[in-house]
Amino acid sequence: MKIVFYDSKQYDIDSFEKENRDFNYKLKFLDFKLTIETVELAKGYDAVCVFVNDIITEPIITRLHELGIKIIALRCAGYNNIDFKSAFNKVHVVRVPSYSPYAVAEHAMALIMTLNRKTHKAYNRTKESNFNIGGLMGFDLYKKNIGVIGTGKIGQKFIDIANGFGMNVLAYDKFPNTNLKVTYCDLDTLYRESDIISLHCPLLKETEHIINRDSIKKMKDGVMIINTSRGGLIDAKDLINGLKSRKIGSAGLDVYEEEAEYFFEDFSNDMISDDKLARLISFPNVLITSHQAFLTNEALKNIANTTLNNIKNFKDKEYIDNEVCYQCKQFGKCSKDEKKPC
Ligand code: NAD
């Protein structure tokens with residue numbers, strides 16, 4: 001199998017080359033995104049491997065199909081960046097459903113800890129021999145209410161961590177997991193009662209802008225909002241207004257709805273033309289990381305191994321593991337032969 005990787009960084013190259021010792025595929029790494037302009041470079045390959053900000057639209061899928069690409073391997077869990085309705089019957093799409101829920105859950109807690117205890121500010125102060133602690137006041141997490149929206153793999157690990165801090169967890173999920181020892185409630189109750197709200201649901205039509213002017217109105221004054229899921233879950237304009245009015249006390253964002261142009265790249269010598277992003281960066285009580293919640297050694301190893309294995313399964317097996325299928329909306333049980341029902 002010959003695989004071309006788009007939007008790859010050195011850490012992708014390192015982890016994929018290491019895991020590929022067991023697969024021996026031919027890998028080509030490109031450091032730019034898959035777009036209608038760059039799609040031609042997939043010519044001569046069997047598979048393309050893409051990441052979260054490669055937006056795979058219908059024209060790109062059609063061209064990939066014409067070029068003979070049989071499988072698109074997403075090296076991520078989320079699949080909101082692909083028009084998989086267009087992909088159906090043209091090209092298979094696989095993803096990595098779980099590589100390290102700990103990585104993302106721990107990063108969400110890192111955002112909370114940093115925002116609350118302002119260690120990012122303390123670090124800068126003491127670096128300059130400024131030992132003043134004025135303005136660094138936080139609050140105990142112990143006994144505070146934390147609202148978790150989405151109690152899947154990452155949400156569950158995050159709940160375990162929050163429980164470890166002695167927090168009261170309020171959870172909302174469209175499909176509650178009865179095996180979890182957690183108090184489920186409706187969204188309005190979660191908004192009303194939570195001191196901190198952390199988002200762990202996927203970006204779907206129904207969850208787009210779930211955090212908006214109306215939901216923010218229902219929240220506690222001074223609420224902390226954490227998003228390590230997908231940027232589109234929050235209406236950034238409404239978040240900014242909530243911060244300006246001081247309704248929202250702080251926000252920790254690993255994702256941003258218009259992140260594709262900026263995240264993962266160095267703009268330190270450039271200008272940011274996205275006014276919403278620039279405004280968010282300017283708040284002292286907003287902490288932005290650029291989609292790095294997944295970035296641990298363990299997660300990268302699992303991403304590389306599962307992705308190569310997904311491609312191997314496509315090559316060797318009748319059924320493809322971890323397929324994102326438009327027809328059956330099930331994962332992991334799709335027939336390779338498109339004519340058979342999934
Ligand atoms: P998961 O599929 O295991 O869990 C998602 C949960 O959301 C499920 O329990 C599901 O029932 C629930 N859900 C579905 N629709 C909902 C709705 N309308 N309202 C509330 N809950 C709903 O996924 P996961 O592995 O826990 O990942 C969660 C999200 O985290 C992914 O969709 C992805 O976007 C994001 N993610 C981010 C990073 C990062 O680096 N920042 C890395 C991995 C995943």
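These legends describe close-up views of a predicted model.

**View 1. The whole protein, with its 11 helices and 14 strands.**
The C-alpha atoms fill a box of roughly 60 × 50 × 35 Å, taken along the principal axes. The radius of gyration is 21 Å. A compact globule of 342 residues would have a value near 20 Å, so the protein agrees with that expectation.

**View 2. Two domains and the contact between them.**
Domain 1 is built from two stretches, 2-99 + 297-338. Domain 2 covers 101-288. Taken over C-alpha atoms, the centres of domain 1 and domain 2 are separated by 30 Å. To the contact, domain 1 gives 8 residues and domain 2 gives 10 residues. On the side of domain 1 that touches domain 2, 4 residues are polar, 2 are nonpolar and 2 are charged.

**View 3. The ligand between the domains.**
Both domain 1 and domain 2 give residues to the shell around the ligand, so the ligand lies between them. There are 31 residues around the ligand. Those that come nearest are Gly78, Gly150, Gly152, Ile154 and Pro202. By type, the shell holds 14 nonpolar, 11 polar and 6 charged residues.

**View 4. Helices at the ligand.**
Two helices, helix 4 (101-117) and helix 6 (153-164), each supply at least two residues of the shell. Which helix gives the largest share of the shell? Helix 6 does, with 3 residues. Ile154 is among the residues that come nearest to the ligand.

**View 5. An open sheet of 7 strands.**
The strands follow the order 8-7-6-9-10-11-12, and their pairing is parallel. Which strands stand at the edges? They are strand 8 (183-184) and strand 12 (286-288). Each has a single partner strand, so one side of each is left without a neighbour in the sheet.

**View 6. One edge of the sheet, where strand 7 meets strand 8.**
Strand 7 spans residues 168-172. Strand 7 and strand 8 run parallel and are joined by 2 bridges. Here alanine 171 stands opposite tyrosine 184 of strand 8. In general, strands of a sheet pair through backbone hydrogen bonds.

**View 7. Two spans named in the UniProt record.**
The unreviewed UniProt entry places "domain: D-isomer specific 2-hydroxyacid dehydrogenase catalytic" at residues 3-324. The end C-alpha atoms of residues 3-324 lie 19 Å apart. This span is 34% helix and 16% strand. The unreviewed UniProt entry also places "domain: D-isomer specific 2-hydroxyacid dehydrogenase NAD-binding" at residues 109-293. For residues 109-293, the end C-alpha atoms lie 10 Å apart. Helix makes up 32% of that span and strand 16%.

Conventions
Residues numbered from 1 in each chain as written. Predicted model: local features only at pLDDT ≥ 70, side-chain atom pairs only at ≥ 80, totals over all residues. Near = placed C-beta within 6 Å. Helix = DSSP H or I, 4+ residues; strand = E, 2+ residues; numbered from the N terminus. Nonpolar A, V, L, I, M, F, W, Y, C, P; charged D, E, K, R; others polar. Domains from an automatic or database assignment. UniProt positions renumbered as here; feature names shortened; annotations may be inferred. Contact = placed C-beta atoms within 7 Å. Pairing = 2+ DSSP bridges. Rg over C-alpha atoms; globule rule 2.2 N^0.38 Å.
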